[in-house]
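Please work through the exercises below with the model open beside the text, and try each task before reading its solution.

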Amino acid sequence: MPTLPVLSDRPPPVFRDRREAGRALAALLEHYRGDETVVVLGLARGGVPVAWEIAAALAAPLDVLVVRALRAPGRPELVIGALAPDGRVVVNDDMVRGLRLTAEQVRTAARDAAAELPRDRATCRGDRAPAALAGRTVIVVDDGSSTGATLFAAIDAVRAAEPAHLVVAVPAAPESTCREVRGLADDMVCATMPSPFLAVDAAFWDFTQVGAEEVRQLLAAPTTGAPAPPDPVAALRRAAVPAPAGVPPGDVLDELVGDARFVLVGESSHGTHEFYAARAAITRRLLTEHGFDAVAVEADWPDAYRVDRFVRGAGADRTPDEALRGFERFPAWMWRNTVVRDFVGWLRRHNDGHRPAGFYGLDLYSMHRSMRRVIDYLDRVDPAAAERARRRYACLDRAGEDDGQAYGYGAAFGAGESCQAEVLRQLADLQRNAAAHDGDAGFDAVRNAWTVRAAESYYRAMFGDRVSSWNLRDEHMADTLDALAEYLGHDGAPARIVVWAHNSHVGDARATEMAADGELSLGQLVRERHGKDCRSIGFGTCHGTVTAASRWGGDSERKTVRTALPSSYEELLHDTGHESFLIRTDSAADALRQPRLERAIGVVYQPETERHSHYFHSRLADRFDAFIHVDRTTALTPLPPAGR
């Protein structure tokens with residue numbers, strides 16, 4: 001029985017240390033390279049290692065800005081404001097009110113900071129004269145910000161020197177702080193905006209305190225006149241393997257796959273024709289040349305099982321269109337489209353002359369449909385057990401037909417009873433007696449019972465934190481995949497399976513900023529469980545069109561995909577000048593291991609909020625074994641709704 005992941009109180013961070021965070025920010029600021037007016041200011045002391053990496057990448061001079069935090073009386077971990085080098089005091093009014101501090105307490109905190117400021121300045125700067133800022137482009141850098149108080153004081157101090165352009169850059173800060181700072185600076189770069197934001201140090205593996213000697217050494221290390229950092233675009237051009245229309249050469253694919261039992265093939269949207277068509281072509285080769293046994297997709301078990309019956313020559317459906325009519329739940333176009341229809345037709349013909357390959361669903365949204373499948377099966381083989389199942393599942397039916405959200409809301413907020421115990425009893429009962437009902441029908445019933453169990457947990461969790469429900473879903477997909485591999489195995493060996501799912505599931509979540517929230521993924525779980533028996537392939541694009549909705553449950557639309565954001569992986573791959581190619585991520589690891597933005601479009605696409613709703617930071621080299629970039633893509637063509 002699968003268990004929920006144990007999420008620590010301190011989830012995995014994004015950056016290894018301040019130096020790596022600086023390199024990530026440098027990539028986001030690279031458009032300032034070549035501007036001879038740029039000067040980089042690192043806030044003492046933690047901001048200086050970050051700032052040095054930026055200054056070196058931009059070949060710009062580096063200086064230190066000493067800003068002293070104002071600490072709350074008796075609570076030194078709480079910053080209530082900051083003191084700028086020129087004596088300006090910036091106070092966080094919300095913090096002061098929340099802590100009910102008096103004016104005298106605030107003044108005392110300011111006096112304490114003022115007493116330490118000259119010593120800090122002397123130990124960090126020594127005899128070094130401050131850089132001239134008037135008329136220059138000044139980039140102010142810290143190692144993170146919680147409330148923004150220190151940055152506000154720094155901005156005030158720098159503004160007084162009359163720079164031509166003021167930029168603020170931090171590796172991690174809450175979205176609200178980034179918005180506030182953006183209103184005061186000419187440009188604001190927040191590399192990550194974790195939600196919830198725990199603390200600055202939560203963004204780093206190593207957040208060792210920076211000493212004055214390290215600051216002095218960094219200030220003495222040259223940054224101006226430094227050669228440009230290695231060109232990642234050149235490295236990617238050298239590693240790129242042409243893949244017309246997203247399909248790599250057969251020998252390249254053969255070498256990549258090797259003896260792997262699981263090949264996870266992604267997509268960066270649920271509505272892009274080229275991703276679906278290339279994935280189908282890759283899968284055809286794996287089935288015909290490598291003897292893979294099945295395709296497992298990000299779809300509900302009952303709907304995909306209907307397709308499985310068709311491709312194996314069973315069931316009542318006569319055509320691929322009929323077999324796909326089970327996909328009625330939003331977003332129907334995700335599986336009811338011309339590419340999947342053509343692949344299903346091919347798979348049926350392939351199975352006529354080869355060992356049959358199946359088509360299965362991994363997802364868990366089908367709570368009520370799976371309940372009906374369990375009961376229908378038991379009606380045929382054990383009517384008494386069917387009556388027990390009806391009584392147990394009746395608890396879920398009270399929420400309304402196919403309304404898992406209503407059940408989850410009631411169970412989570414006390415408006416209805418939790419059905420967890422009844423669902424578990426039914427699953428245990430069915431599994432105990434499964435041996436008496438071998439074959440595909442019995443396996444189908446057990447997997448549907450598992451789906452009901454997972455869906456019940458999912459809908460209860462979805463009204464809590466987002467991560468718990470996401471993790472439940474991906475754990476269920478991984479468990480279903482393992483069950484399929486065991487059931488479909490032959491000659492004493494587990495089956496070989498191709499997986500179709502979004503990049504968000506296929507990629508390793510440990511290589512993304514979502515890991516900082518405790519989020520895991522199917523790709524991560526398969527890697528952890530099966531090691532070298534797994535390969536993952538991601539897909540991406542720079543621009544084009546996509547089939548997506550404007551809101552959950554909305555109609556499908558043909559939407560324009562905006563050109564990739566600066567400093568994203570999509571822009572980096574676009575800059576190679578190649579239209580369609582595959583990269584083995586280990587062949588360009590340095591270029592693909594720096595944290596960069598990666599785009600993810602699901603079934604809903606909102607271009608107007610794209611940076612916040614569709615981008616996240618990742619390390620592509622650690623996320624996938626290979627990545628296929630198709631520079632310009634086109635929208636998937638949905639099939640007409642069933643019945644038309």
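**Exercise 1: two domains and their interface**

The C-alpha centres of domain 1 and domain 2 lie 42 Å apart, the domain bounds coming from an automatic or database domain assignment. This is a predicted model, in which local features need pLDDT of at least 70 and side-chain atom pairs count only at pLDDT 80 or more, while totals for chains, interfaces and linings use all residues. Residues are numbered from 1 along each chain as its sequence is written, and side-chain values use heavy atoms, with hydrogens and water left out.

Task: describe the interface of domain 1 and domain 2.

Solution. Begin with the bounds: domain 1 spans 18-220, whereas domain 2 is made of 236-362 + 479-633. Next, take the contacts (heavy atoms within 4.5 Å): 13 residues of domain 1 touch 10 residues of domain 2. Then turn to buried area, the accessible area (1.4 Å probe) that two parts lose on being put together, summed over both; here it is about 1000 Å², 44% of it on carbon and sulfur atoms. Glu20, Leu28 and Met193 supply 34% of the area that domain 1 buries against domain 2, more than any other three residues.

**Exercise 2: a charged pair**

Task: which residue forms a salt bridge with Arg619?

Solution. A salt bridge requires a side-chain nitrogen of Lys or Arg within 4 Å of a carboxyl oxygen of Asp or Glu. The partner of Arg619 is Glu20, with the closest N and O atoms 2.6 Å apart, and the count between domain 1 and domain 2 is 1 salt bridge.
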